[in-house]
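Trainee: Could you take me through a close look at one single part of this model? I would also like to see how the rest of the chain is put together around that part.

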Amino acid sequence: MATIITRTNPKTGKTERPYRDKQGHFVLGDPAFGSELHHRKNAVLTTEYDEALRLVRKGFSIRMSAGDGTPPSLISAGKLTLTEVDAPSAGDIPAEGPQTPFSRDDVMHDLRKALVAEAAMIAHWGSYEAAEAFLGFPSSNDAGEPYDDADPSQVDLSRFRATPLIEASYDWAFQTGKPEAFRPESWDDLGSLMDGASAGTISTMSPMGNPESPLRVTIVTAFARWKFEFETWLPLSVRELAYLAQMNEVAARNALAKSGIKGRGGIENDVARSWLAERQKFVPTRTELLPLNS
C-alpha cells in the first residue's frame, strides 16, 4: 500500500499533487512559525516523499501544484486528502531529483565513443600498437579504417582518468548526484581534456566535435556553472546562459530579447542570475556548494 497526497483546487477543479522545487525538494511549512511559515527562510525541505508525508500527517503545510505551469501554493494539512492505494499511478508521487537534459548513461556512452575516436587518431598518427595500448583492445581486421566498426560498449571506462572527471562534471553541471566532487582542480583538468580531445577521423567521429552531444553539453555546462558561481566578475555569453537554462541558443537569445536584455558583449552576472531564476529548467547550484560571500 502507498499513500498519495492530493488536493482539488476549489477554483479550477484541477487535482494538485506535492511539488518538487528545481533541486528536487518538497517544500513544507512548519505550523510553529505561525503566519511566517510561508517565508522561504522558514521552509522545511526534504527530497524524501515518505518524510514529506510524515510531516504532513504532523500538520505541516506543503507546496502543491497541478503541474500545468501555474505557481505552486503552500496548502495547509487540513485541506489535503491522503488516500491509500495499492499501487500509485504515474505522477501520483513526483519523480526524484532535478531536471537533466539526458541521462548519465547517455554521457558515458558518448565518452566511450570519444575514446574510440581518440584511439583511431592514435592509430593514424602513431601506430596500431599504441592505439591498442590506449583503448585496451585492437581494431578489427575487418575495419576499413582504424576502429571504424568498433563497439563503444567494449570500452572499459575504469581504465581512464577521464571517467571520474566526466561523472563529476555531469553532477556539477546539472546539480544531481554528488556535485561536490567537482573541485577547483577539476576545472583545469576539464580544460586540458577539452583542449587535447580529438574530433576523430572522417570514419570515426567523436562526440567532442558535436556541440549538441550529451558529452559536449555536459562539459560546457559544467564550465558555465563554474564561471557563473565562482568568476562572477566575468560576463556570461548567450551560449553559456542557454546551457544553464537547458535551452537552445536561438531560444535563449529570443527570451533574453523579450526581457530587454542585449546579449552582445556578454550579460553581467547579476542580470544573468535574475533571468535564469525565471527559467523553468534552470537548476540553481546547491547553496552548500557556493562561495561564502555569495
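Mentor: Happily; what follows begins with one strand and its partners, then turns to the whole chain, two loop residues and the salt bridges.

A word on the ground rules: this is a predicted model, in which local features need pLDDT of at least 70 and side-chain atom pairs count only at pLDDT 80 or more, while totals for chains, interfaces and linings use all residues. Residues are numbered from 1 along each chain as its sequence is written, and side-chain values use heavy atoms, with hydrogens and water left out.

Let us settle on strand 5, residues 61–65. Helices (H or I, at least four residues) and strands (E, at least two) are DSSP runs, numbered from the N terminus. Strand 5 is mostly covered, with four of its five residues buried. Here buried means under 20% relative accessible area, exposed means over 50%, and partly exposed is in between (1.4 Å probe, protein chains only).

Now for the partners of strand 5. Two strands pair if DSSP finds at least two bridges between them. Strand 2, made of residues 15–18, pairs with strand 5 in the antiparallel sense, over two bridges. Methionine 64 in strand 5 is the bridge partner of proline 18. Strand 3, residues 26–29, also pairs with strand 5 in the antiparallel sense over two bridges, and there glycine 29 stands opposite serine 61. Strand 6, residues 73–75, runs antiparallel to strand 5 and is joined to it by three bridges. Follow methionine 64 across to strand 6 and you arrive at serine 73, its bridge partner there.

Stepping back, you will find nine helices and seven strands in the protein. The C-alpha trace spans about 70 × 50 × 35 Å along its principal axes. Of the 294 residues, 43% count as buried. Taking a contact as heavy atoms within 4.5 Å, 64% of the contacts between residues at least 6 apart in sequence join residues at least 24 apart. The protein exposes about 16000 Å², and carbon and sulfur atoms supply 50% of that; these areas come from the Shrake-Rupley method with a 1.4 Å probe.

Two loop residues deserve a stop on the way. Most residues other than glycine have a negative phi. Tyrosine 147, however, has a positive phi near 65 degrees. Tyrosine 147 belongs to the loop between helix 3 (128–135) and helix 4 (162–174), and at 2% relative accessibility this tyrosine counts as buried. Glutamine 175 has a positive phi too, about 55 degrees, although it is not a glycine. You can find glutamine 175 in the loop between helix 4 and helix 5 (184–196); its relative accessible area is 2%, so it is buried.

Finally, the charges. The protein carries 32 positive and 40 negative side chains, and the centres of the two sets lie 11 Å apart. In that count Lys and Arg are positive and Asp and Glu negative, with His and the chain ends left out.

The structure holds nine salt bridges, each being a side-chain nitrogen of Lys or Arg within 4 Å of a carboxyl oxygen of Asp or Glu. One of them brings together the side chains of glutamate 240 and lysine 227, at 3.1 Å from N to O. Glutamate 240 lies in helix 7 (residues 238–245) and lysine 227 in helix 6 (residues 214–230), so this pair ties together parts 13 residues apart in sequence. Glutamate 240 is buried at 18%, and lysine 227 counts as buried at 15% relative accessibility.

Helix 6 takes part in another link as well: glutamate 229 forms a salt bridge with arginine 273, with the closest N and O atoms 3.4 Å apart. That pair joins distant parts of the chain, 44 residues apart, with glutamate 229 in helix 6 and arginine 273 in helix 9 (residues 269–277). Glutamate 229 counts as buried at 6% relative accessibility, whereas arginine 273, at 33%, is partly exposed.

Arginine 279 and glutamate 278 also meet through their side chains, in a salt bridge of 3.6 Å from N to O. Arginine 279 is buried, with a relative accessible area of 15%, while glutamate 278 is exposed at 60%. Elsewhere, salt bridges that share partners join Arg239, Glu249 and Arg253 into one network.

Conventions. The place of a charge is taken as NZ of Lys, CZ of Arg, CG of Asp or CD of Glu.
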